[in-house]
Amino acid sequence: MHDFQQRYQQICQHVRQTQRLAAAAEVLSWDEHTYMPPEAGPYRAEQLQLLAGLVHQRRTDPDWGAQLEELAAWAEEHRPGEPETVNLLRLRRDWRRQKRLPQELVEELAHTTSRAQQVWAESRPRNDWNAFRPWLEKVLKLKRQQAEALGYQQHIYDALLEDYEPGATTAQVRAVLEPLGESLRQLVQRIADSPVKTAPGLLHRHWPRSEQEKLGCFVAEQLGFSFRRGRLDVTAHPFCTRLGPHDVRITTRYDEQFFPSAFFSILHEAGHGLYEQGLPAQEYGLPLGDSVSLGMHESQSRLWENHVGRSLAFWRWCFPKARQHFPQALADVSLEEFHRAVNHVEPSLVRVEADEVTYNLHILVRFELEQELLTGQLAVADLPEAWNARYEHYLGVQVPDVARGVMQDVHWSAGLVGYFPTYSLGNLYAAQLMEAAAREVGPLEEQWSRGEFAPLLEWMRQHVHHHGRRYDPAELIQQATGSPPRAEPLLEYLHGRFGAIYQL
Ligand code: ZN
């Protein structure tokens, strides 16, 4: 094909233009969650709806799709593995998927989930399950229709999982997550039986907001987050978003009565931000400039937040600095006490407040239940009872009400079914990547205790960030670590860290 390059550029030009629109919507959405005054909401929603419609139209444009099909088929045969071919095949996969969804279903889902989220937000504080239940039933019915339209080979859940973790199947994810649950339950029990008790109380002292901000920004920058290509702002539920090839926004919330809230969310979001800043900027908008999956994204945030940010080595470097910012709160606290406090383990009711050991048990409950809901094996009416029974089984806690039980997360009301396991996959990938990095980079902890994070970041850049979406997540993990996704490195890491703290 003599005009391959020219035709390829035309395909890309269309995609890059669509991305300009999508990024404009992202700016409006970022502003909505950070600075927008409350009464500006309705007009903002109209703007976002218009832009979302334009973006969807461009992504499913039949003329463009026909050109893409033709060029991708040719490139697949004649130029396998070339960067252009990778972009074309990924674009084709996305296009074919989008195209399978009938327009009415897309619109009904958007409308129903928007209403369901409002009902969820109103009824949760009142513990009103009965008000929410019919909406969850509607959402699940539409998600089943969506899964059938998208198609799947083995399990209906596969069809939805594909949106968040491309190439992963329900069977594969179960094979790694289910054995993890049993091992974690045992570890939680051993920690509960340990004579060593950690004291998180010292974290509830007074931590002036301006000092939290200074320390958080300083640490994010030391990890490698560029404030010339990014910003940190304030929001209710922290997130990270990319508004352009050189514009990554991270957010946090400050609690002057609880140190970890802002500090670890800054590290977490900076980890997401480092991934976004490490993606090839010249491919922005194209698959090679995009992240692999939610699970891989979460691996990057978790490894900076937990593996690095909650390690003793990190605090050897950071604690003297924290003392300068908080001389009163930390006057009578030792490095070791502080490190134990930020690693306190205790089974609890609410996922977003969970520690590293119990976190994946919260995910397992949701992963099991949403499969059963989707297949119809479990009726929505029986969900609260099933939820409570599983919290008792996995975490040994009694759920007192639906607000702290089955209604605690926004995900299902928003139609995000199949999303939860990516949090655990992120933890799994993080441990595998850290194990491989330690093998190849050398004594990481020694480096952290001197405030040197560049060697670890460089390893992630090379093995994860630079590839964009070239590989599916499982392939990328295999390439980077030499093994398929597996739970052992996570268990070894947790046993290592918490075994030392709780003297197991
Ligand atoms: Zn995250």
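**Note on the cavity, pocket, zinc site and salt bridges**

1. The largest cavity is lined by R302, N306, H307, E356, Y359, N360, N427, A430, L490, Y493 and L494. It should be said at once that this is a predicted model, and the points below are to be read with that in mind. About 80 Å³ of space lies in this cavity, and a search of the whole structure finds one cavity of 30 Å³ or more.

2. Which helices supply at least two residues each to the lining of the largest cavity? They are α11 (294-308), α14 (356-375), α16 and α20. Sorted by class, the lining of the largest cavity holds five nonpolar, four polar and two charged residues.

3. The second largest pocket holds about 460 Å³ of space. Its lining is made of 24 residues, and those closest to the centre of the pocket are H307, E445, Y493, G496 and R497. Two of these names, H307 and Y493, will be familiar from the first point, since H307 and Y493 also belong to the lining of the largest cavity.

4. Two or more residues of the lining of the second largest pocket are given by each of α12 (312-325), α13 (335-341), α16 (421-441), α17 (444-449) and α20 (488-501). Which of the elements gives the largest share of this lining? That share, seven residues, comes from α20, a helix that also supplies at least two residues to the lining of the largest cavity. By class, the lining of the second largest pocket divides into 12 nonpolar, six polar and six charged residues.

5. The zinc ion has as its protein donors H268 and H272, each through NE2, and E298 through OE, at 2.1 to 2.3 Å from the ion. Along the sequence, the spacing of these donor residues can be written H-x3-H-x25-E. Why are H268 and H272 separated by about one helical turn? Because they are four residues apart in helix α10 (residues 259-278), about one helical turn lies between them. Both H268 and H272 are buried.

6. A total of 32 salt bridges is counted in the model, and a few of them can be followed on the structure. One joins E137 to R133, with the closest N and O atoms 3.7 Å apart. These two residues both lie in helix α6 (residues 129-150), where they are four residues apart, or about one turn of the helix. E137 is partly exposed, at 34% relative accessibility, and R133 is also partly exposed, at 30%.

7. A further salt bridge brings together the side chains of E82 and R79, at 3.8 Å from N to O. Here too each partner is partly exposed, since the relative accessible area of E82 is 34% and that of R79 is 22%.

8. For the salt bridge between R249 and D247, the N to O distance is 2.5 Å. Is each of these residues buried or partly exposed? R249, at 12% relative accessibility, counts as buried, because the limit for that word is under 20%. D247, at 21%, counts as partly exposed.

9. Finally, salt bridges can also be linked to one another, and in this model R90, R93, E162 and D472 are joined in such a network. A student who wishes to trace it may begin from any of these four residues, R90, R93, E162 or D472.

How values were computed
Residues numbered from 1 in each chain as written. Predicted model: local features only at pLDDT ≥ 70, side-chain atom pairs only at ≥ 80, totals over all residues. Heavy atoms only, no water. Buried < 20%, exposed > 50% of the residue type's maximum accessible area, 1.4 Å probe, protein only. 1 Å grid on protein atoms, 1.4 Å probe; cavity = no way out; pocket = protein on both sides within 12 Å on 5 of 7 lines; lining within 4 Å. Points joined across faces, edges and corners; volume = space filled by probe spheres on them. Nonpolar A, V, L, I, M, F, W, Y, C, P; charged D, E, K, R; others polar. Donors = N, O, S within 2.8 Å, 3.2 Å for Na, K, Ca; no water.
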